[in-house]
Amino acid sequence: MKISIITATYNSSSTIKDTLDSIRSQSCSGIEHLIIDGLSKDDTLEIVNSYPHISQCISEKDKGIYDAMNKGISLAKGDVIGILNSDDFYANNQVLDKVVRLFMET
């Protein structure tokens, strides 16, 4: 089962590393991580581009966070789509494994 995680960003250089590290450290395989950026003017994109696990990064003008999330949803190829904001992170590295198990059980 493939999971797509969408992260909308805009000038998130002070918090994005924790978010990216959280996704990168997940024990689950098959994660598609999409970054949808609203033309950040800080170091957000430089930080994002230094993480090889990112499946796709789009940086363009948008109409706000929900527009960015919808762009991500339209690009996602996963069986399950999740959203992790650019200042959030998962509690541990097994969160997405648990999500997959729950979906497989139902």
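Biologist: Which residues make up the largest nonpolar core here?

Modeller: This is a predicted model, by the way. Its largest nonpolar core has 10 residues in all: Ile-3, Ile-5, Ile-23, Cys-28, Ile-31, Val-80, Leu-84, Tyr-90, Leu-96 and Val-100.

Biologist: Which elements each supply at least two residues of this core?

Modeller: Strand E1 does, and so does helix H4, which covers residues 95-105.

Biologist: OK, pick Leu-96. What does Leu-96 touch?

Modeller: Leaving aside residues up to four places away in sequence, Leu-96 touches Ile-3, Ile-5, Gln-26, Cys-28, Ile-31 and Tyr-90. Of that list, Ile-3, Ile-5, Cys-28, Ile-31 and Tyr-90 are also members of the core.

Biologist: What other core lies apart from that one?

Modeller: Another core, of seven residues, lies apart from it. Among its members are Ile-16, Leu-20, Ile-35 and Ile-47.

Biologist: Why would nonpolar side chains gather like that?

Modeller: In soluble globular proteins, nonpolar side chains tend to be buried together.

Biologist: Switching to the sheet. In what order do the strands come?

Modeller: The order is E3-E2-E1-E4. Those four strands form an open sheet, and the pairing is parallel.

Biologist: And which are the edge strands?

Modeller: E3 and E4, where E4 is residues 80-83. Each of them pairs on one side only. From one strand to the next, the twist averages 20°.

Biologist: What holds strands together in a sheet, in general?

Modeller: Strands of a sheet pair through backbone hydrogen bonds, and they can do so in a parallel or an antiparallel way.

Biologist: How many bridges do E1 and E2 pair over?

Modeller: Seven bridges, in the parallel sense. If you want a spot to look at, find Thr-7, which stands opposite Ile-35 in E2.

Biologist: Now the helices. Which residues of H1 are buried?

Modeller: In H1, Ile-16, Thr-19, Leu-20, Ser-22 and Ile-23 are buried. Looking down the axis of H1, you'd see these buried residues fall within an arc of 160°, so they line one face of the helix.

Biologist: What covers them?

Modeller: The cover for the buried residues of H1 includes E1, E2, H2 and strand E3, residues 54-59.

Biologist: And H3, which strands does H3 lie across?

Modeller: H3 is residues 65-75, and it lies across E1, E2, E3 and E4. Relative to E2, it runs at about 145°.

Biologist: Which residues of H3 are buried?

Modeller: Ala-68, Met-69, Lys-71 and Gly-72 are buried in H3. Down the axis of H3, the buried residues fall within an arc of 155°, so they line one face here too. E1, E2 and E4 are included in what covers them.

Biologist: What's exposed on the other side of H3?

Modeller: Tyr-66 and Ser-74 are exposed there.

Biologist: Back to H1 for a sec. Which side chains does Asp-21 make polar contacts with?

Modeller: Asp-21, which lies in helix H1, makes a polar contact of 2.9 Å with the side chain of Arg-24. The side chains of Asp-21 and Tyr-51 are also joined by a polar contact, again at 2.9 Å. Asp-21 is partly exposed because its relative accessibility is 28%, which sits between the 20% and 50% cut-offs.

Biologist: Next one: Thr-44. Buried or exposed?

Modeller: Buried, with a relative accessible area of 0%. Thr-44 lies in helix H2. A polar atom of its side chain is 2.7 Å from the backbone nitrogen of Ser-12.

Biologist: What else does Thr-44 touch?

Modeller: Not counting residues up to four places away in sequence, Thr-44 touches Thr-9, Asn-11, Ser-12, Ser-13 and Asp-37.

Biologist: Asn-11 is on that list. Where is Asn-11 found?

Modeller: In the loop between strand E1, residues 3-9, and helix H1, residues 16-24. Asn-11 counts as partly exposed, at 32% relative accessibility. Its phi is near 50°, a positive value in a residue other than glycine.

Biologist: And Leu-39, what's its phi?

Modeller: Phi of Leu-39 is near 65°, so that's a positive value in a residue other than glycine. Leu-39 sits in the loop between strand E2, residues 31-37, and helix H2, residues 44-49. With a relative accessible area of 39%, Leu-39 is partly exposed.

Notes:
Residues numbered from 1 in each chain as written. Predicted model: local features only at pLDDT ≥ 70, side-chain atom pairs only at ≥ 80, totals over all residues. Heavy atoms only, no water. Buried < 20%, exposed > 50% of the residue type's maximum accessible area, 1.4 Å probe, protein only. Polar contact = N/O pair within 3.5 Å; in protein donor to acceptor, adjacent residues only side chain to side chain. Contact = heavy atoms within 4.5 Å. Arc of directions from axis to C-beta. Pairing = 2+ DSSP bridges. Axes fitted to C-alpha atoms, helices over the stretch in contact; angles between N-to-C directions. Core = buried A, V, L, I, M, F, W, Y, C linked by side-chain atoms within 4.5 Å.
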